[in-house]
Amino acid sequence: MLQLSFDMYQTLALAVAMLMLGSALRRRIPVLETFCIPAPVVGGLLFAVVSCVLYATGLVELSFDETLKSVCMVVFFTSVSGGMSLVVFLICVLVLIVGQNALAIGLSKVLGVNPLVGLCTGSIPMVGGHGTAGAFGTVLEDLGLEGATTLCTAAATFGLVAGSLMGGPVGRRLILKHDLEEERKHHRSVSMYAPATYQLVIAMGVGTLVSWLLSKTGMTFPVYIGAMIVAAVMRNYSEFTGRLSIHMGEINDIGGICLNLFLGIAMITLKLWQLASLALPLMVLLAGQTLLMFLFAYFVVFNVLGRNYDAAILSAGTCGFGMGATPNAMANMQVLTDKFAPSVKAYILVPIVGSMFADFINSLTITLFINL
């Protein structure tokens, strides 16, 4: 098979090309625009399908340098800068994690397959994503489940796609059904984009030191957490003292661009052929997880978090990291806030819970279910 490799610049250019293709398709196919499917998902998923066909037919295998994906991710989370809402959302996530694993084991028993196979479609790949899938896949293999890492990774790929496709429509439906549309208020100045960029760069640079200090605690944190903390300190200092002007409108725009680039790279590098390894019982298990995610986001998250506009955006975000990753959650929310109105609460809660607490709670819960 022909091996075709793309360096980080070519990978970024290809991601942008697919982003532009996705935007063009959204303009020409009203259903994509209507149901708030992110442009990077549209174009990137189309490319991933083509890549899968090329691989399956034995013609070409594509490989990519994903270095800039991490850079774009850090820039975005630095641009994102609660009280009881945080606690309530944390409880919702805990209930979701337990529910995913309970459903996985329950369905596996109904289908007559090993419960460990069921766990390969539970919160390990859903809330955990590809990182947790790789970590716990080896644990399940040590327990005697051959090919567990491949199963977890394939399930995580499925979740990434399903969560990205589900979030926008769920949030849009809640907003329109409950008449939650709000007036958009955006303030921008062309001359302020350069200072906004400099502020992001400073926060990212200082954030590396904060991340280094956090690593000394022995706990594992996302690479962008230090930058998020510094950015939050800068923003609060600005709001409470007035001595520093933070250009949030421009920063949000820059963050949005980087989020689209990140998601574009993530989608074009998907290996959809991994899903071919899923037998019928696993497809049933994943279909069950998809239904659970929809019902939980639509009926539980929205109602528990206040039945308001922020709750609707949080429901869309929960679909993203509940079946994929936090950046996918942010993409789901961004496509809605671009169409309707900003949601500061959602943009704070989802990154904090999705990147700092969800993995920790998930790891403990998975360990409990494995031992049970």
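This is a short walk through a predicted model, one selection at a time.

**Stop one: the main core**

Start inside. Select Phe89, Ile175, Met293, Leu314, Met330, Leu336 and Val350 together. These belong to the largest nonpolar core, which has 87 residues, and they touch the most other members. In soluble globular proteins, nonpolar side chains tend to be buried together.

Now keep just Ile175 and bring up what surrounds it. Leaving aside residues up to four places away in sequence, Ile175 touches Leu180, Glu181, Tyr309, Ala312, Ile313, Leu336 and Phe340. Leu336 is worth a second look, as it is also on the list of core residues you just selected.

Apart from the largest core lies another one, made of 19 residues. To find it, try Val117, Cys120, Ile124 and Leu285, which are among its members.

**Stop two: Ser238**

Next, select Ser238, which sits in helix 10, running over residues 225-241. Is Ser238 buried or exposed? Its relative accessible area is 14%, and because the cut-off for buried is under 20%, Ser238 counts as buried.

Add Leu244, Ser245 and Ile246 to your selection: Ser238 touches these three, not counting residues up to four places away in sequence. Zoom in on Leu244 in particular. A polar atom of the Ser238 side chain lies 2.4 Å from the backbone oxygen of Leu244.

**Stop three: the salt bridges**

How many salt bridges does the structure hold? There are 2. Side chains of opposite charge can pair when their charged atoms come close.

For one of them, pick Arg26 and Glu33, whose side chains meet with an N to O distance of 3.3 Å. Color the pair by accessibility and you'll see a contrast: Arg26 is buried, with a relative accessible area of 14%, whereas Glu33 is partly exposed at 37%.

Then go to Glu66 and Lys69. Here the closest N and O atoms of the salt bridge are 2.7 Å apart. Glu66 is partly exposed, with a relative accessible area of 32%.

**Last stop: a nonpolar patch on the surface**

Finish on the outside. Switch on the surface and select Leu291, Phe294, Leu295, Phe299, Val300 and Val304. Together they make a nonpolar surface patch of about 500 Å².

Use Leu295 as your landmark here. This residue is in helix 12, which covers residues 280-304. Leu295 is partly exposed, with a relative accessible area of 37%. Why can Leu295 be part of the patch? Patch residues need over 30% relative accessible area, so Leu295 passes that cut-off with its 37%.

How values were computed:
Residues are numbered from 1 along each chain as its sequence is written. This is a predicted model: local features need pLDDT of at least 70, side-chain atom pairs count only at pLDDT 80 or more; totals for chains, interfaces and linings use all residues. Side-chain values use heavy atoms; hydrogens and water are left out. Patches are made of residues with over 30% relative accessible area and no salt bridge: like charges are joined within 9 Å, nonpolar side chains (Val, Leu, Ile, Met, Phe, Trp, Tyr) within 5 Å. Accessible areas come from the Shrake-Rupley method with a 1.4 Å probe; for residues, only the protein chains shown count as cover. A salt bridge is a side-chain nitrogen of Lys or Arg within 4 Å of a carboxyl oxygen of Asp or Glu. Helices (H or I, at least four residues) and strands (E, at least two) are DSSP runs, numbered from the N terminus. Buried means under 20% relative accessible area, exposed over 50%, partly exposed in between (1.4 Å probe, protein chains only). A polar contact is a pair of N or O atoms within 3.5 Å; within protein, one must be able to donate a hydrogen and the other to accept it, and residues adjacent in sequence count only if both atoms are side-chain atoms. Contact means heavy atoms within 4.5 Å. A nonpolar core is a set of buried Ala, Val, Leu, Ile, Met, Phe, Trp, Tyr and Cys residues joined through side-chain atoms within 4.5 Å.
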